[in-house]
Amino acid sequence: MKFIDSFRIVWRNLWRMKLRTALTSVGVMIGTAAIVAMIALSLGLKANAVKSLESWGNLTELDVEPAFYIPEEDRVIPDDERKKLNMAAVQDLKAVKGVAAVMPIKRIRGESKLKVGRREGYIELVGVDVRESAAYRKDEIEKGTYLTGAPQEVVVSYYVPREMRDVEKEKREARMRNANKSGGGGGEVYFSRRGGGGGGEEGPAPFDMVGKPATITLTREYRIDDELKLEKKDVRVRVVGQLQKSENFRYGSAVYAPLSLVKEMNDWLNRSRGEEFGDTSSRRSRDKNQDEFVFDEITVKVESREMVESVVSDLKKLGYEVWSPARELEQINKFFFVIQMILGGIAAISLLVASIGIVNTMIMSILERTKEIGIMKVIGATVYNIRWLFLMESGFIGLIGGMTGLGLAWGAVELVNYFGKAGGLMDSLGFGGGGEEMTTLAVIPTWLALFAIGFAFIIGLLAGIFPAIRASRLSALQAIRSE
């Protein structure tokens, strides 16, 4: 029997029993819709949780620092045994399997302000190894280019131009407003430091500062006869690039510069501190004698999320402490896996009931078509042909129920997303805080849709095994004689 012939026979038999086929497939439809809708909801909630977690940092980036305590031994690590964040540490971290890049960072130890033309703003000056940081930042450039290694080049983050203000203009406007008021109250406007780089879009319109000369102003304190003095130093630089907008606000007001430039600035700032306390700069001398440069922190980029856990374990074995939002990702995955199993298991009960309904329908079909089965055997149908026909019928019942159930689940998901967005449910759940706004509570990925249809078809096939075997074992003569 050709496949096309068996397909026609199966379709004819199902169409002949339209009502019975429809009622039987309803059970599969409800079970499939329940499974897909519940798993889609858990997948959507998980995706939103991960997206919200990403607003605190890239999940494949790890902040590495020396370990200070060993929990297994309940022991504090002495200073002489503690790891140092120097170039030797960078090479050790590069050798760890799964590490794609290593970026050492040195921060400025003082107040710094960037001035471009008439605009100025407080910044977080971050010194980076140009060659190492290129693996992180070169693909994130929105305007201009990344650092080439020239000592006076800087790259600004996305929010820096949006936080620069024309302070003199604001003061003039404030004085003019106060002059127009009777009994003006001397309302002078002071420039406010926005430190965390958190908001970005508020305040004056951003301006294009790429390719323009700029000045970094450093301020250090010292005392003369117990009187506090301030000294400023201007460093001329050139803005060569601007980074793309990022959901990670940790470096919202960061300006990236070569390590050599930041080291020079730190030396100038630290010199005043040594004079203030009357010491002999022993720490700087010790660092110079050891001919090593100690970083404030080192950031490690992992090749993929799946390798984060193994990389964290290897780094801890080397004596480092690691922080990353990805450490919370493992707990999120476990939690939502349990949720998916519970929801899927509850919904699977309806599929079990539906499979029993398919078995009942197919057995009733055998009783009604006993003579037909006998005639098919007499004219040459084999045991395999009979089994194939009944398996196909039960499988198609499951397939019809699976496809209609998937459509029902898709409609339910759309309703959940619509009412979740319209009713502000996303905000009440706390998703999207600080990052991109979330608009979906549930999502049906392609793999879930294909799995639902395939699973429903397989359920139908399994439910049809016993009826198919029973039909194939009928005696041809007894089947023909039956009424």
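A polar contact is a pair of N or O atoms within 3.5 Å, where, within protein, one atom must be able to donate a hydrogen and the other to accept it. Keep that in mind as we walk through this predicted model, beginning with a helix whose end shows such a contact.

That helix is α4, and aspartate 129 caps its N-terminal end. A side-chain oxygen of aspartate 129 lies 3.1 Å from the backbone nitrogen of arginine 131, which falls inside the 3.5 Å limit for a polar contact. Follow α4 along its residues 130–137 and you will meet alanine 134. Is alanine 134 buried or exposed? Its relative accessible area is 18%, so alanine 134 counts as buried, the cut-off being under 20%. Alanine 134 has company: Val130, Glu132, Ser133, Tyr136 and Arg137 of α4 are buried too. Because 6 of the 8 residues of α4 are buried, this helix is largely enclosed by the rest of the structure. For a landmark outside α4, look at valine 102, which is 32 residues from alanine 134 in sequence. In space, their C-alpha atoms are 10.0 Å apart.

Now step back for a view of the whole protein. There are 16 helices and 14 strands, and the protein has 483 residues, of which 43% count as buried. The protein exposes about 26,200 Å², and carbon and sulfur atoms supply 58% of that area. How do the contacts spread along the sequence? Taking those between residues at least 6 apart, 82% join residues at least 24 apart.

Two strands let us see contacts of this kind in detail. Serine 112 sits in strand β5, which covers residues 111–116. With a relative accessibility of 1%, serine 112 counts as buried. Leaving aside residues up to four places away in sequence, serine 112 touches Tyr122, Ile123, Leu125, Ile216, Thr217 and Leu218. The other strand is β10, residues 213–224, where you will find alanine 214. Alanine 214 is also buried, at 1% relative accessibility. Again setting aside residues up to four places away in sequence, its contacts are Leu114, Lys115, Val116, Val235, Arg236, Val237 and Val239. Alanine 214 can also be placed relative to valine 154, which is 60 residues away along the chain. The C-alpha atoms of alanine 214 and valine 154 are separated by 9.3 Å.

Loops deserve a visit as well. Asparagine 86 lies in the loop between β3 (75–76) and α3 (87–94). Asparagine 86 has 11% relative accessibility and therefore counts as buried. What does its side chain reach? The side chain of asparagine 86 comes to 3.2 Å from the backbone nitrogen of alanine 88.

Next come two helices whose residues pair up with distant parts of the sequence. Tryptophan 11 belongs to helix α1, residues 3–16. At a relative accessible area of 46%, tryptophan 11 is partly exposed. Tryptophan 11 and glutamate 393 are 382 residues apart in sequence, yet their C-alpha atoms are 7.9 Å apart in space. Glycine 344, in turn, is part of helix α10, which runs over residues 326–368. At 14% relative accessibility, glycine 344 counts as buried. Its C-alpha atom is 6.8 Å from that of methionine 38, although their positions lie 306 residues apart in sequence.

We end with a pair of helices. Two packed helices are described by the angle between their axes and the distance between the axes. Here the pair is α12, residues 383–422, and α15, residues 465–472. Their axes come within 8 Å and cross at roughly 145 degrees, and the crossing is right-handed. Which residues make the contact? From α12 come Val383, Ile386, Arg387, Phe390 and Leu391, while α15 brings Ile465, Ala468, Ile469, Ala471 and Ser472. By class, this contact has 8 nonpolar residues, 1 polar and 1 charged. The spacing of the positions has a background too: an α-helix has 3.6 residues a turn, so residues three or four places apart point the same way.

Note on methods. Residues numbered from 1 in each chain as written. Predicted model: local features only at pLDDT ≥ 70, side-chain atom pairs only at ≥ 80, totals over all residues. Heavy atoms only, no water. Helix = DSSP H or I, 4+ residues; strand = E, 2+ residues; numbered from the N terminus. Buried < 20%, exposed > 50% of the residue type's maximum accessible area, 1.4 Å probe, protein only. Contact = heavy atoms within 4.5 Å. Areas by Shrake-Rupley, 256 points an atom, 1.4 Å probe, with all protein chains shown as cover. Axes fitted to C-alpha atoms, helices over the stretch in contact; angles between N-to-C directions. Left-handed = near helix turned anticlockwise from the far one by under 90°. Nonpolar A, V, L, I, M, F, W, Y, C, P; charged D, E, K, R; others polar.
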